[in-house]
Amino acid sequence: ICDYLIIGAGASSLAFVDTLLTEQPSARVVLVDRHSAPGGQWNDAYDFVRLHQPSLLYGVASKQLEGNWLKLMLGGRTLPWKHRATKEEILAHYASLVKEWVSQGSVQYYPECSYNFHKRSNEGQDVVHRFESLDGTQKYTVDVEVKLVNGVLGECKVPSQHPPQFPIAKGVNVVTPNDLCKKYGKTKLKNHQKTRYVVMGAGKTAMDTVIYLQTTMKVSPDNIIWIIPNDVWMLNRDGQGGGGPWVYPRMLLACNGDTEKACALMNKEGNFVRIDDNVIPTRYRFPVVGGEELKLMRKVKNIVRRGRVSSILLPPGEEKIVIGFGSEQEPLQFSKEKGCDLIFVHCTSPGPFNGIDARELFVSESEMNLALLYAPPVPISMSCLAKLECARRDRTLDIEFGRKLLTAYNGGRSNPANEDAVPTENDVLKGLVLGLELGGGSTAHPDAVKSDPLDAIVTLAVFIALLDKDPMVGHKWLSQNRLSFFSVPGFKSNIHKDLMSMISKHKFLGFSEHKAEMLSLLSAKLEPLKGK
């Protein structure tokens, strides 16, 4: 028996569990995950990966990931807000958390187990939840008294778990970043002088790989060929905005929703950077880089921009490797030189753009999904969802205001599914708290963000407005949550100012009159936050 059955033990689920147990210490949690240790995709990632953002904003709300500040400054000579945790540090952090929860009796943890969402069964009026060990030797049945929580919808598809989705001829040496680290990372320098590395992909994994090749493996940038399907805008960690998630939505609002203008101004101000100043990126996918990383990436001059790789072939009888890019692009050919190795590094997995969009989060009274509310880092979104769920259970939500918002949002109907029913707390959360759509393989640009970036501002306003009748409660909670930018000294949310701007520009932004009415209600309630 448990209150919450939570599937997945990655960054999303653990941030959710942490806030849940902080708000409701008596909650009983069963945590089920396929991995052998907590941490989700961090278990599968390459060893040289580390956070894009400061550790200050990652992990869980109740415990510092960066550790003791004095030790950092004296021992490691690192400023706390500059610390970016490694894979090893992150996994150790999560392992200690789960161990502590288990020892306290709050959590029952089942690693190397699988829950099948498609095989739930109804027995009488109750849903029976079952999961089993990966080897099939152990089977479990769980009575869930509050909610099933799906924490695996946002799982990253990383190269080690997601092979290339195009044909590769036998004999072509294709490795993942994990393989690169384990097989070649300690190879002596002289061996790299006759090896060329072809890095395929333009996401953060590819960026990390290009940097690792040069810094750790001491590969000359002249021996790196970088296949970039599409150039991307990158947040500058060293810019005025510090690589924060709210910089871009606010610039977009200032530019009346004009994406090209917003990106150009972000670039001019130093908050956006790009690999080549002569090539305009076609999309933004949340990567954060620093100045030194950018310098290393720009050292690679052999860059191929012909779209996505569609095949890597060895034509019979020919001493060459041919890389295809689809019918509209010329293939790329490499001669097989004797004594010269050619290693292809697979960085083409979709990462967080996994094709699963969990727009609906508060699915029912007995089930919810975990997904991003705001741009990364991930944990603050999950902490906010747990806070809302606890407020729902404690009946402290401003439910009457939520019903007014829902009525405005739905064009005068408070409950389109059932006109005669008064919306419950869960109905209000289901209708107003929506996940960020990242997109997937079926879109024209499969790794493009589908949601309007301004939705994050609206969702933030909805969170503060719904959490309590007094909007200062939500603002104060965010200010005291280490995962939130609100906790950064000097940070101002400007949420009321942003809402007023959206109302005045709603026609330019393509907002409906219904949405404008909803924004007006939000701005009126959040008036006490003027200047905060």
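Is Ser383 buried or exposed? With a relative accessible area of 0%, Ser383 is buried. Bear in mind that this is a predicted model.

## Ser383 and Thr19

Let's start with that serine. Ser383 sits in helix α10, which covers residues 379-394. Its relative accessible area of 0% falls under the 20% cut-off, so Ser383 counts as buried. The side chain of Ser383 has a polar partner: it makes a polar contact with the side chain of Thr19, at 2.7 Å. If you skip the neighbours within four places in sequence, the residues in contact with Ser383 are Ala15, Thr19, Ala61, Trp477, Asn481 and Leu483.

Now the other end of that polar contact. Thr19 belongs to helix α1 (residues 11-23), and at 3% relative accessibility Thr19 is buried too. Again leaving out neighbours within four places in sequence, Thr19 touches Ala61, Ser383, Ala386, Lys387 and Trp477. Ala61 and Trp477 turn up in the contacts of Ser383 and also in those of Thr19.

## The β16-β17-β18 sheet

Next, a sheet. Three strands make an open sheet in the order β16-β17-β18, with antiparallel pairing. The edge positions go to β16 and β18, each of which has a single partner strand, so one side of each lacks a neighbour in the sheet. From one strand to the next, the twist averages 15 degrees. As a reminder, strands of a sheet pair through backbone hydrogen bonds, either parallel or antiparallel.

What about the strand in the middle of that order, and how many of the residues of β17 are buried? For β17 (residues 320-324), 4 of the 5 residues are buried, so the strand is largely enclosed by the rest of the structure. On one flank, strand β16 (residues 311-313) is joined to β17 by 3 bridges in the antiparallel sense, with Leu313 opposite Val322 of β17. These two strands form a hairpin with 6 residues between them, and in the turn Gly317 has a positive phi of about 75 degrees. β17 also pairs with strand β18 (residues 332-335), antiparallel again and over 4 bridges. Two of the pairs can be named: Ile323 has Leu332 of β18 as its bridge partner, and Ile321 has Phe334 of β18.

## Helices α7 and α8

Over to a helix pair. Two packed helices are described by the angle between their axes and the distance between the axes. Here, the axes of α7 (residues 247-254) and α8 (residues 259-269) come within 9 Å and cross at roughly 125 degrees. The two helices are therefore oblique to each other, and the crossing is right-handed. On the α7 side the contact is made by Val247, Tyr248, Met251 and Leu252, and on the α8 side by Thr259, Ala262, Cys263, Leu265, Met266 and Glu269.

How much of α7 is covered? Mostly covered is the verdict, as 6 of its 8 residues are buried. The buried ones are Val247, Tyr248, Pro249, Met251, Leu252 and Leu253. The cover over them includes α8, β13 (272-273), β14 (283-289), α13 (455-467) and α15 (495-504). Just past the end of α7 there's a small backbone detail: Asn256 takes a positive phi of about 55 degrees.

## The β13-β12-β14 sheet

Two of the strands covering α7, β13 and β14, also belong to an open sheet of 3 strands in the order β13-β12-β14, where the pairing is mixed. β13 and β14 are at the edges with a single partner strand each, so one side of each has no neighbour in the sheet. Strand β12 (residues 232-236) and β13 run antiparallel and are joined by 2 bridges, with Met234 standing opposite Val273 in β13.

Helix α6 (residues 204-215) packs on this sheet, where it touches β12 and β14, and its direction makes about 40 degrees with that of β14. Helix α9 (residues 291-298) lies across β12, β13 and β14, and runs at about 115 degrees to β14.

Conventions: Residues are numbered from 1 along each chain as its sequence is written. This is a predicted model: local features need pLDDT of at least 70, side-chain atom pairs count only at pLDDT 80 or more; totals for chains, interfaces and linings use all residues. Side-chain values use heavy atoms; hydrogens and water are left out. Buried means under 20% relative accessible area, exposed over 50%, partly exposed in between (1.4 Å probe, protein chains only). A polar contact is a pair of N or O atoms within 3.5 Å; within protein, one must be able to donate a hydrogen and the other to accept it, and residues adjacent in sequence count only if both atoms are side-chain atoms. Contact means heavy atoms within 4.5 Å. Two strands pair if DSSP finds at least two bridges between them. Axes are lines fitted to C-alpha atoms, for helices over the stretch in contact, and angles run from 0 to 180 degrees between N-to-C directions. Angles under 35 degrees count as roughly parallel, over 145 as roughly antiparallel, 65 to 115 as roughly perpendicular and the rest as oblique. A crossing is left-handed if the near helix is turned anticlockwise from the far one by less than a right angle, and right-handed if clockwise.
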